[in-house]
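Subject: Structure handover

Hello,

Here is the structure I promised to pass on. Please open it alongside this email, and my notes follow below.

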Amino acid sequence: RESAFPPSAIFPGRPPDSSIFKMLSKQISSLGRQAQRLTAVRGVAAVPAVTFNEVKFVKEDVEKVMMELPDYNFYEMKESEPNPYQGTTLDRSILLDPPAPALVQPKFEFSKLENGMKIASIDKQGLTARLGLFVNAGSRFETSANFGVAGMVSLMGYRSTAHLSHLRTVKTLEQLGAHDSTVAKAGREEMAYLTEVQREYVPLAVPMMVGNVLFPRLLPWEVKAAQKEAAAAKKALESSPDDMVSEMLHKAAFCNNTLGLSPVASERCMPYFTPETIRSYMLDHFAPERMVLVGVNVEHSELSKWAMRSFADYNAIPMKKREETKALYTGGDLRIEGSSPYCHLALGFESVAFGQAELAPVALLQSILGGGSATYSGIGSGLTSRLSTQVVKQSPYVESCQAFNTSYSDSGIFGVYGVAQPDKAGDMAKAIAKTMGSLTNVSKDELAKAKAMLKGKMFRQADDDSELMQDMGQQLLLTGKYGSVADFAKIIDGVTEADVTAAAKKILSSKLSVAAYGDTHSVPHYAAMEGAFKA
């Protein structure tokens, strides 16, 4: 069949016949709650600029390139055979010639393709490579003509491309053991294509990921089939009170603009769910200058080489100037009666943007507030934090309470999310307001403890390859720079009591945003809660 998204028609240039993608396809044919993210204090202005090594496009002999691909059999039927290692204990090596370990100090490396796409990696010598392709596009760039398109683009991820059908893509991911870890996500400011494979299969995974943004076919029958998944995603959102409250708070805080637009397509968006709408959106926003390819546990030279080969024979989507509408924080109140037997309540204020110097004091405010749960306690759970001692432990009717801070390129939301018995929602709201209002008074000892807790949490999360990959992608996508945990630990150490107090006063001076879900009959009136913060 003729491609519904022919690469040579959309991106004028050489046809794909001689590209590495066609040869690669031949090779394959033969074969809940918001937690404090690692990005909590990322993007601070004091981070030094990153030096990118330029990667030139090189015309290569395709047959020689194919020799570099790992052995891979797509069609493989294995006969059942007894396990030869059954009964082998862990103190006995099953390798006849165990390889000597290559102890190399992990380091962050950065490159940039000729077309502007950024590449970042760190090799921690792990056996499993995590790859992420991040695109600076999301629901905030939608218009009234394409509401819900960001979610639609994510649903069409890893479908048919110019060289692999949807079935072939799925079967390849299964054979690579990546079918459960490969996803496409839509956010408010970024799209992410993620996968996890054994590191020797990176040469197969990178072109497959790039194919999603370079030449998706967007076949009409696949688009129509994905509409059912859009309905399922909406239903999954509504069945998760935590996610619903987050969506509602964004809608209340940024009413009818930018960050208030949901990345989850609703039923009303279905008329826009067409190949033409999706294709038009990608042509407007999916230029390589707005992309970052990140790898953890991969050699940087390998990642850069296969990224270059993935683009070398194609003219990618040209960069288009787009209207950068600044997020307008409005504040507001949004309540929905839901099926949850509890009252889920979030109170928020406008926070600082990603990359601002005030982000470190705000992250410390989040640590000072902390959180607590009536049923869980563990490392870093904030048992001695203000919310735990002043809200959760003071009432047997409060199930949990947690401070959060979400920052975007030009704004953010700082606040507290709590869950309580419906009849006691009003008492919880008053307790939260009193605790947040006290943030303008922070002692030296409390600040020192918050610094230790924040740095400990950041260093622990840096050991998580998935968190590290997303952190690298988000920093480079929004700021063009990257700061390690050690860099930000130094910035945190330099924050003073005056900095934290000033940040608290600035946040609390903005308009209140309220989101309530579940049994909301006892949630106080918006004006009453607003007055509680001014009392």
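How many disulfides does the count come to? Zero. Bear in mind that this is a predicted model. Two cysteines are worth a look. Cysteine 343 is buried, because its relative accessible area is 0%. Cysteine 255 is at 40%, so it counts as partly exposed.

The seven-stranded sheet

One open sheet has seven strands, in the order β1-β2-β3-β7-β4-β6-β5. Its pairing is mixed. The edges are β1 (53-55) and β5 (183-186), each of which pairs on one side only. Neighbouring strands are turned by 20° against each other on average, direction ignored.

Look at β4 (residues 128-135) and β7 (residues 291-296). These two strands pair in the antiparallel sense, over six bridges. Leucine 131 stands opposite glycine 295 of β7. Helix α15 (residues 465-479) lies across this region. The strands under α15 are β2 (108-113), β3 (118-122), β4, β6 (191-198) and β7. Helix α15 runs at about 30° to β4.

The six-stranded sheet

Another open sheet has six strands, ordered β8-β13-β9-β12-β11-β10. Here too the pairing is mixed. The edge strands are β8 (332-337) and β10 (371-373), and each pairs on one side only. The twist averages 15° from one strand to the next.

Strands β9 (residues 343-350) and β13 (residues 513-518) run antiparallel, joined by six bridges. Leucine 347 has valine 514 in β13 as its bridge partner. Helix α8 packs on the sheet. It touches β8, β9, β11 (398-407), β12 (412-420) and β13. The direction of α8 makes about 150° with that of β13.

Serine 513

Serine 513 lies in strand β13. Is serine 513 buried or exposed? It counts as buried, because its relative accessibility is 0%. Its side chain makes a polar contact with the side chain of tyrosine 329, at 2.8 Å. Beyond residues up to four places away in sequence, serine 513 touches Leu249, Ala252, Ala253, Tyr329, Gly331, Gly332, Ala346, Leu347 and Gly348. Leucine 347, one of these, is the residue bridged to valine 514.

Helix α7

Helix α7 covers residues 220-238. Its 19 residues should span 27 Å at 1.5 Å a residue. The end C-alpha atoms are 28 Å apart, so the two values agree. Which residues of α7 are buried? They are Glu222, Val223, Ala226, Ala230 and Leu237. The buried residues of α7 pack against four helices: α4 (149-155), α5 (166-175), α8 (241-253) and α9 (275-285). Helix α8 is also the helix that packs on the six-stranded sheet.

Asparagine 212

Asparagine 212 lies in helix α6 (residues 202-214). Its relative accessibility is 5%, so asparagine 212 counts as buried. What does its side chain reach? The backbone oxygen of methionine 208, at 3.0 Å. Leaving aside neighbours within four places in sequence, asparagine 212 is in contact with Gly157, Tyr158, Arg159, Thr161, Tyr193 and Met282.

Over to you.

Best wishes

Conventions: Residues are numbered from 1 along each chain as its sequence is written. This is a predicted model: local features need pLDDT of at least 70, side-chain atom pairs count only at pLDDT 80 or more; totals for chains, interfaces and linings use all residues. Side-chain values use heavy atoms; hydrogens and water are left out. Buried means under 20% relative accessible area, exposed over 50%, partly exposed in between (1.4 Å probe, protein chains only). A polar contact is a pair of N or O atoms within 3.5 Å; within protein, one must be able to donate a hydrogen and the other to accept it, and residues adjacent in sequence count only if both atoms are side-chain atoms. Contact means heavy atoms within 4.5 Å. A disulfide is a pair of cysteine sulfur atoms within 2.5 Å. Two strands pair if DSSP finds at least two bridges between them. Axes are lines fitted to C-alpha atoms, for helices over the stretch in contact, and angles run from 0 to 180 degrees between N-to-C directions. The expected span of a helix is 1.5 Å times one less than its number of residues.
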